[in-house]
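Reader: I'd like to go through the labels on this one and hear the reasoning behind them. Can you show me the model?

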Amino acid sequence: MPKGDQVIIEELQMQNKELCQHIVKLIQNMDHCECENRKLKSRVGYLEQELATLRSQSGTSSEASFREELGTPFSLSVNSSVSVTTPPTEIPPLPPLELPDFDVN
């Protein structure tokens, strides 16, 4: 049975209304994301500025407090007080193993 013109028009109007609601939700979501993006960019800028300030200072106490604030034991500067040691290239000789006495009888 073919649908009447009135039924088709009502279905299209309903789908158009739903589409408009989806568009409104997408725009609201986009606005929220843009606001969050601006806040995060502002935070990144602040942290970059703070890092540059700390790097320009020569005192190690401010760097240590910054590391504590980040919760990491690693230094962010090139002039780190932590030295990296390389493992020995040759293994030292080991003493011989003591063999237990087995009672074969």
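Author: What follows is a short back-and-forth on how the labels were reached, for a model that is predicted.

Reader: Let's start broad. What makes up the secondary structure of the protein chain?

Author: Two helices and zero strands. Helix α1 covers residues 5-56.

Reader: And how much of the protein chain is buried?

Author: Buried residues are 7% of the 105 residues, where buried means under 20% relative accessible area. The accessible surface comes to about 10400 Å², and carbon and sulfur atoms account for 60% of that.

Reader: Now the cysteines. How do you know that Cys33 is in no disulfide?

Author: A disulfide needs two cysteine sulfur atoms within 2.5 Å. For Cys33 the nearest cysteine sulfur belongs to Cys35, and that one is 9.9 Å away, so Cys33 doesn't meet the cut-off. Going from Cys35, the nearest is the sulfur of Cys33, again at 9.9 Å. The count of disulfides in the structure is zero.

Reader: Why is Cys33 called partly exposed?

Author: Its relative accessibility is 41%. Partly exposed sits between the 20% and 50% cut-offs, so Cys33 gets that label. Cys35, at 30%, is partly exposed too.

Reader: Which residues make the nonpolar surface patch?

Author: Leu19, Ile23, Ile27 and Met30, for about 360 Å².

Reader: What makes Ile27 eligible for a patch on accessibility?

Author: Patch residues need over 30% relative accessible area. Ile27 has 43%, so Ile27 clears that bar. That value also makes Ile27 partly exposed, and Ile27 lies in helix α1.

Technical notes: Residues numbered from 1 in each chain as written. Predicted model: local features only at pLDDT ≥ 70, side-chain atom pairs only at ≥ 80, totals over all residues. Heavy atoms only, no water. Buried < 20%, exposed > 50% of the residue type's maximum accessible area, 1.4 Å probe, protein only. Patch = residues over 30% accessible without salt bridge, like charges linked within 9 Å, V, L, I, M, F, W, Y side chains within 5 Å. Areas by Shrake-Rupley, 256 points an atom, 1.4 Å probe, with all protein chains shown as cover. Salt bridge = Lys/Arg side-chain N within 4 Å of Asp/Glu carboxyl O. Helix = DSSP H or I, 4+ residues; strand = E, 2+ residues; numbered from the N terminus.
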